[in-house]
Amino acid sequence: MSDYLIELKNIGKRFGGVRALEDVSLAIRPGEIHCLAGENGSGKSTIIKVMSGIYTPDEGEIVIDGEPVGRLDPIRAVGHGIQVIYQDFSLFGNLTVAENLALNTYLLEGRSRMDWHRAHEMARDVLARIGVAIDPDAEVGSLPTSGKQIVAIARAILARARLIVMDEPTTALTRHEVEALFTIVRDLKAQGIAILFVSHKMREMLEISERLTVFRNGRKVAEGAMRDFDEATITHAMTGLDLTDDPYRPEIPDGPPLLEVTGLSVPGTVERVALSLRPGEIVGISGLIGSGRTELARALFGMEPRMTGEIRLDGRPARPRSVQEAIARGIAYVPEDRLTEGLFLPQSIERNLVVSILDRLRRGLFLDRRAVRARTAEMFAAMQIAAPSPETPAGNLSGGNAQRVMLGRWLLTGARVLILNGPTVGVDVGSKATIHRIIRDLATRDGLAVLMISDDVPELVTNCNRIHVMHRGRFVAELAGAEMTETRINDTLKTLT
Amino acid sequence: MTTTPETRPLIRRLLGSDAAIAQLVVITVLIFVAMTAMNPDKFLRYYNFESISYIMPELGILSIAMMIAMLTGGIDLSVVGVANLAAIVAGVYFRIPAVQEAIGAGGAGVVMHTVAAVLIALLVGLAAGVINGLLIARLRIIPILATLGTGQIFAGLALVLTGGPAIVGFPQTWAWIGTGKILGLATPLWVLIVVALLVAVALTRTTLGVSLMLIGTNPRAAIFAGIRSGRMILYSYMLTGVLSAIAGVLLSGRTNSAKADFGASYLLQAVLIAVLGGTNPAGGKGRVLGVLLALIALMLLSSGLQIMRMSNFLIDAVWGGFLVVVIAINYLRSQK
């Protein structure tokens, strides 16, 4: 018997001209808690998909229990006990917990008739084994994120998992829920199930994992026992940089704020938030998913009709009642999910850029095509968009280029307040720096006021001159200058309940 | 995050509009050749093409209307109801004693009242479009249900207005719209050409057209981008309603009558032609040129089969089979 449950040896994988993985090896022992770390685009997701049989590697070999397995497909991977829990959990929200759990087992066993009694029994047993109290008759869609995650774990256990891969499992969890998850994970380990955490949250990795593997740009750059690493060495391995990015400390001239918000509330999500932004400022908002940060942004952008409170621009009341009004007043919002909320993927880059100024590009009844082309060319240059032509579909762009198209769209509207929600999610390291530089330039050179919402604490620390910590709809802390450190923010987030 | 972004642009590229148009041209030519071969003496007659040029425009305009509704991911199942109602209201107008008197007197009054009747028909179409648009854009009723319901209402109103039998007794000028000629070409064909050009320009060169494509591509992103989606969708159904009314005028002009249940088979044929023409029923993609090519292909097919004395019911089945084959080809092409 081999020492390892699964070994991936010298794996290589290309997509078109892009090398996603190059000569990468990863080995996991039975019953260990292993952490796979890396920035976005480092190849983490690709290796998971190789492991679970979704992608066939171009090079290398997969060995399970000491036996080379040849080509793996998803069904065989499940047969070997490999279970992946993706960030969206892949559950059926309109079915109950018991149904979700039973469905998978029934499929595995090739049964076609539903035995409700057995389904309930199975659900109760497995939930008891994890040690949580969830009603098997509850509809999965009504559970909180942490509950859905537990259902997904339960489903993996029922499928006789020997290795559970969890992709960014803590992103949407509060600190308490994270601790509850860790308890479950340690319990699974005790039952001999190996766990592979895929994450970029250092603190949590250090806390739970025994071994660590770090990917960068499709290569393995570090591995070893967790006790040999600390935050600094992991960061260095992940980014290849020592974190020496100079922080954003602009000289903000005294003057009236550009945007001033007082007593802003959105029923159920945002409570009496006060905020002021001066031209040239980049103000960060740190908070968990569900803290009200997205609703705050949407309210400022005229998307929350139930909002109350005051919003002033240049001292004048300017509460937008619609998105169109917000845009007309110079407020721009780059949403969190570029793919579903931002871009029109099959449409040309040109259309994606000018969509918000179509009305201004009209001459009589028709679109002024020359103006459309001119404005597009202008933004192509200003945003350094790397694409063969403005006719290229936006769906062909990399994350970084796509995000630059989004920024370009808003600059065309003449925005003065720029709200960014997760500005570099899904953007590779090199592009990330470019986007940060563009944002800083917009603030210092063009005098925009920027509100930056991000999960990425180091991103906020380096690019903001002030940071608000948001929790349960309120601003609970404001940090500026020297007190604005990663540790300090993480500590603040940690104390929240 | 678990989707595979690298496959998507590739599929889009293969489905590119030009390839789809090229495929339609090939299909049309193939049908033309096949029908000519199967009916050596009868198919290639001037009379055959002339009769196609009178019948085709009604269906063509309805198909273009359907395509517009599909651009935003919607559908308009009330087009035939609107067409009949518009024609019937025009017929009712011609029954007004004062109008009949003026027409009986002849002269410029006839033309004037015909123009008035056309405008009334178009207004009926516009009003129907506003109702559909408000139900869909404001009340957020899904298009298939909203227009299925309003289609029933329009058909019901038409029945009430006529009491059942067809309205006849349209003036000669009205019949000319459906049966006359301008510069040697059928009047309805001219109407189709003008409508097709106007709609093609509207879809590619105006804010409305571009907005509709973007809304259809990604309705969520359209909201975040500040497109006035509701208003644009309302406009699109208004346009659909007016086009349906135009089709109604052509139909009643050609048959010199109007009836509540005329052209019932046109509804599904219009859907079929729009989809065959490369319109994405999920929204975001559609071209007038594609719809016209699909229309011509199907008209050639059915006229050839009719010459071969195939039953009309069987022709419907052949059309359906044709749609399935083309969709299958599109699917296979996108899998490459």
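These legends go with several views of a predicted model.

**View 1. The fold of chain B.** Chain B carries 15 helices and 2 strands. If you would like a feel for its dimensions, picture a box of roughly 75 × 55 × 35 Å along the principal axes, which the C-alpha atoms of chain B fill.

**View 2. How chain B packs.** A compact globule of 336 residues would have a radius of gyration near 20 Å, and the 21 Å of chain B agrees with that. What share of the residues of chain B count as buried? For the 336 residues of this chain, the share is 46%. Look also at partners along the chain: among contacts in chain B with a separation of 6 or more, 79% come from residues 24 or more positions apart.

**View 3. The two domains of chain A.** Here chain A is split into domain 1, covering 6-239, and domain 2, covering 259-495. The centres of domain 1 and domain 2 of chain A, taken over C-alpha atoms, are separated by 33 Å.

**View 4. Where chain A meets chain B.** On the chain A side, 30 residues are in contact with 24 residues of chain B. Which elements of chain A give two or more residues to the side that touches chain B? They are α10 (323-328), α11 (338-342) and β18 (366-367) of chain A. Sorted by class, the side of chain A that touches chain B holds 16 nonpolar, 9 polar and 5 charged residues.

Technical notes. Residues are numbered from 1 along each chain as its sequence is written. Chains are lettered from A and ligands numbered from 1 in the order in which they are written. This is a predicted model: local features need pLDDT of at least 70, side-chain atom pairs count only at pLDDT 80 or more; totals for chains, interfaces and linings use all residues. Helices (H or I, at least four residues) and strands (E, at least two) are DSSP runs, numbered from the N terminus. The radius of gyration is taken over C-alpha atoms; the globule rule is 2.2 Å times the number of residues to the power 0.38. A residue is buried if 20 or more other C-beta atoms lie within 10 Å of its own, exposed if 12 or fewer, and partly exposed in between; C-beta atoms are placed from the backbone. Two residues are in contact if their C-beta atoms, placed from the backbone, lie within 7 Å. Domain bounds come from an automatic or database domain assignment. Ala, Val, Leu, Ile, Met, Phe, Trp, Tyr, Cys and Pro count as nonpolar, Asp, Glu, Lys and Arg as charged, and the others, Gly among them, as polar.
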